[in-house]
Number of protein chains: 4
Amino acid sequence: MANKTARLLISCPDTRGIIAAVTGFVAQHNGNVLEADQHTDTQQGEFLMRLEIEIDGFNLSQENFDALWSPLAKQYDMRWKIHWSSAVKRMAILVTKESHCLSDLLWRWKSGELNVDIPFISSNHETLREQAQAAGLTFHHLPITPTNKTVQEGQLRTLMQEAHVDFIVLARYMQILSPDFVASYPERIINIHHSFLPAFAGPRPYHHAFERGVKIIGATSHYVTNDLDEGPIITQSTMPVDHRDTVEDLIRKGRDLEKVVLSAAVRLHDEDQILVCKNKTVVFD
Amino acid sequence: MANKTARLLISCPDTRGIIAAVTGFVAQHNGNVLEADQHTDTQQGEFLMRLEIEIDGFNLSQENFDALWSPLAKQYDMRWKIHWSSAVKRMAILVTKESHCLSDLLWRWKSGELNVDIPFISSNHETLREQAQAAGLTFHHLPITPTNKTVQEGQLRTLMQEAHVDFIVLARYMQILSPDFVASYPERIINIHHSFLPAFAGPRPYHHAFERGVKIIGATSHYVTNDLDEGPIITQSTMPVDHRDTVEDLIRKGRDLEKVVLSAAVRLHDEDQILVCKNKTVVFD
Amino acid sequence: MANKTARLLISCPDTRGIIAAVTGFVAQHNGNVLEADQHTDTQQGEFLMRLEIEIDGFNLSQENFDALWSPLAKQYDMRWKIHWSSAVKRMAILVTKESHCLSDLLWRWKSGELNVDIPFISSNHETLREQAQAAGLTFHHLPITPTNKTVQEGQLRTLMQEAHVDFIVLARYMQILSPDFVASYPERIINIHHSFLPAFAGPRPYHHAFERGVKIIGATSHYVTNDLDEGPIITQSTMPVDHRDTVEDLIRKGRDLEKVVLSAAVRLHDEDQILVCKNKTVVFD
Amino acid sequence: MANKTARLLISCPDTRGIIAAVTGFVAQHNGNVLEADQHTDTQQGEFLMRLEIEIDGFNLSQENFDALWSPLAKQYDMRWKIHWSSAVKRMAILVTKESHCLSDLLWRWKSGELNVDIPFISSNHETLREQAQAAGLTFHHLPITPTNKTVQEGQLRTLMQEAHVDFIVLARYMQILSPDFVASYPERIINIHHSFLPAFAGPRPYHHAFERGVKIIGATSHYVTNDLDEGPIITQSTMPVDHRDTVEDLIRKGRDLEKVVLSAAVRLHDEDQILVCKNKTVVFD
């Protein structure tokens, strides 16, 4: 289970022989491939690949991999990254007042299901301070008003940088991040939207679902981009509802979806199982 | 299983004592209530009820029920209808070229799963004539052009009237019916939309779903109103998809959803299990 | 949402006129029926009904209901109970070492989603003491050895009685309760089994599921009877798995099922939505 | 969509460098890998791989592939097969009296969704002859009695051999095939069982599910082995049921599961997406 591995993610223009070249490189350095997944997005002409390589026996390491790998990467015009499992990712969590997603993430973190460090939780309200601190975590309160938003977000960025945050989870954070902030964390901010996107984008999706009389509700996790609720979808889930369900029932039932959908996305991101191609995700699970 | 029953559907302003009054009336005439379902739409202040009464032993019949029931119905300001199971409903099917929903409905009809008469199938193309006729059914070809639409729809209405059609199923019928036509069959035209409405309303939903990169697709059956794809939703279903699915895969997988969702709605309608309240359905299943 | 209501549950031999008699009784005492559900188990010849009556305006109360209702109940040979919403149910939780179901229940309790009092949590291990106490709850440690089981269970029963416990939730409690204990809480002990019963009854269901190579796993909540894993099933849920899932993955994924399935059953029980008929449940949700 | 491809399936003891060796071989002969999937069953120490290679541009063909590939296959002790998409598989269907699975398969075949040839349909009853012949297919009636079973199965095997049948689908065939017959078609006979195996193995699963009061029913497709209902599971699906469902309802609802589960398995087999490892399937979908 807990093999020490390196995870190599690759995207490049599709052409013949890439898999052979990549796996040949790994074999040449005595690497054992534990998982190899690839996908070709024929519409974009893009080849995407994920390799999980056992570190035990592998002749390359964090010190010399990049230099030796670079020529091949250049030859195929690759965007790539490698994650060595010794490096635990650092995840910041932004919340507002609702606690269900936060509770769920913290349980998974405490139980070891989610292998991350959590340098801090930040919120525009005080509501969840107690919960964060009970888990032994740092809590920042950065209240947002119409006039202080830029300042507070600057403060948040400083906190992120100082804490060497790798990715950010919006666990029901009810504020829109500025384009600048979002651009600083491309494919590294994960949001949960409480509807089956693209249905009921925007605020109050359960109220809209109730008004429309749908028979199924859903939740959607996605990477945040500057098009609100339009970023690449990572995971979705749905459940049946019926005429007996009030708006409050939809909200209650939806919480169970939101928790599972968000934590699944966080896990996939943390384990380097997601590649983004244009505005879609390729999820190697 | 095949008890002879009368199904009584009621909507009226909500007030105290309706259930007692209605079930008291049935008991007074020695009726045995097999199923009783009720719902109050508190937002609309509307009470909705469905009773299934065993005909065996019931002192009322199709001949005298209406007269004896009317005073109570008036007292509570009810909209109501009763369906006696001896009367098999007459269902017309409109199709274009795609055969999967039609095939599915015909199999259920032939096997006895769906207890309807099918006076005819009508289409704007000849494609499915053979299939209809192989099932021993009448097939009408009413091609639609920009100039003949009114005439052809008039012809269709005549056919409907002559055949004493009770309700109409649009089994992937790729034409929009005129407001007049729709108004003649309120809550009696069932459509299948090949998306999880309200996502991807309008044409080519699978193409839009593919472009958006959703991880779940769906299908929706609904009553047709003059707001396109906005009528009361009857049933919905969803299934997971992933990055490996092409548009063609979505279309193929979606067919399995469409068949099941449409035939479920047809069955519910046929068995008088649906009440409409404003733009929503109450489904007593 | 938070109407004050009385919930009346009835089972009796099926005969004509019960609904009219019951709803007539309520109407006669000016009760407003908010929900009425009924079901006839034709195999057992048993009629089952649930009424939710608004207390506001109802001429009967906890003080005089029983006396006035009894004649009717006797006439129809009813087993019945009524729950007045002013009385919050008292729920004891038994756990061993695993915390996911307990965490989930406690979050729902703290957030107000689950309207119960929790007099104590008891365990055969110390593992979850901290979690219980952090939630402000009493924690009893009653370790079980082959020789002390009878004594410890006697102690547990005393605690239950002193705390006026209404029902018991086995939130992954890894001990078999004695027949005597079980008989004292008929239809009032809820267990979660970590498989889709009757598949993989008994211990280590995820290991057995892995060995068998199933493509779907499940979880089952049920009332405890003295036939192990054979009690009336309340709720079940399933999720897909595949060849990439190790036993550890099944265990991890299964936790998400277990939490939701158990808390759904607890909620249904707490809101008096379950009736038992022979070895099956009728769930009016 | 309809690329001409060769599909190469490999199983062998797990060791380093297999992917590099295999994809290197393909690249060396100018093959373009469209899909590459691999899995290691760590419990069995078995490496399993599926490659889909574009035929266009590939320097190898059905004529010379085997000779050139053999040395590599031997080196790694591979079991392997290759399927060239020019060869349409030949599928025989065995049925008894129930038509829903047959109808479903025939619709998919006629519509082009399922790319197979169907040399014949065989049954122990005459019931479905008309349906088979209406589809333009040969129908054999081989009635089974306690005394003629061996003879009739011999006759069936002759028919299979003469028709060069590649695989056999038991579309609700209510007879147990003899060990000899089964051994002749290893991993090439697909059955649909109308329960969520291993629950309710054996006959009348819906009746048993009804008796047990389960809240979910299922269906299972699997390869037939000589352990009844114990062969490697290919696909499963489930759906919710409740106390209102009679046995007849379970049977009716289950048909929708059975159709989809069986045809999914047939499609996966036809497209060479299934590898068997011990008694489990690895499904590369």
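The turns below go through chain copies, nonpolar cores, one helix and one strand residue in a predicted model.

Colleague: What turn lays chain A on chain B?

Modeller: In general, two copies of a chain are related by a rotation about an axis and a shift along it. For chains A and B the shift along the axis is 0.0 Å and the RMSD is 0.0 Å. That is the relation of a two-fold axis. The turn is 180 degrees.

Colleague: Which residue of chain A has the C-alpha nearest that axis?

Modeller: The axis in question is the one that relates chain A to chain B. In chain A, the nearest C-alpha lies 2.2 Å from the axis, and the residue is A:Ala199.

Colleague: What percentage of the interface residues of chain A are also interface residues in chain B?

Modeller: The copies meet through the same surface, because the interface residues of chain A are also interface residues in chain B. The figure is 100%.

Colleague: What percentage of the contact residues of chain A recur in chain C?

Modeller: Chain A can also be laid on chain C, by a turn of 180 degrees and a shift of 0.0 Å along the axis, with an RMSD of 0.0 Å. The same surface serves both copies, and the share of contact residues that recur is 100%.

Colleague: How many residues are in the largest nonpolar core?

Modeller: The residues with the most contacts inside this core are C:Ile93, C:Ile121, D:Ile93 and D:Ile121. Beyond its neighbours within four places in sequence, D:Ile121 touches residues including D:Ile93, D:Val95, D:Leu102 and D:Phe139. Another core lies apart from the largest and has 89 residues, among them A:Leu106 and B:Leu128. The largest core has 90 residues.

Colleague: Within what arc do the buried residues of helix 7 of chain D fall?

Modeller: Helix 7 spans residues 205-212 of chain D, and its buried residues are D:Pro205, D:Tyr206, D:Ala209, D:Phe210 and D:Arg212. Seen down the helix axis, they line one face, because they fall within an arc of 165 degrees.

Colleague: Which strands of chain C do those buried residues of helix 7 pack against?

Modeller: Within chain D, the buried residues of helix 7 pack against strand 10, strand 11 and helix 8. Their partners in chain C are strand 12 (233-240) and strand 14 (280-283).

Colleague: Is B:Val282 buried or exposed?

Modeller: B:Val282 sits in strand 14 of chain B. Leaving aside neighbours within four places in sequence, B:Val282 is in contact with A:His243 and with chain B residues including B:His39 and B:Leu48. Its relative accessibility is 4%, and the cut-off is under 20%, so B:Val282 counts as buried.

Definitions and conventions. Residues are numbered from 1 along each chain as its sequence is written. Chains are lettered from A and ligands numbered from 1 in the order in which they are written. This is a predicted model: local features need pLDDT of at least 70, side-chain atom pairs count only at pLDDT 80 or more; totals for chains, interfaces and linings use all residues. Side-chain values use heavy atoms; hydrogens and water are left out. Buried means under 20% relative accessible area, exposed over 50%, partly exposed in between (1.4 Å probe, protein chains only). Helices (H or I, at least four residues) and strands (E, at least two) are DSSP runs, numbered from the N terminus. The arc is that of the directions from the helix axis to the C-beta atoms. Contact means heavy atoms within 4.5 Å. Copies are superposed by least squares on the C-alpha atoms of residues with pLDDT of at least 70 in both. A nonpolar core is a set of buried Ala, Val, Leu, Ile, Met, Phe, Trp, Tyr and Cys residues joined through side-chain atoms within 4.5 Å.
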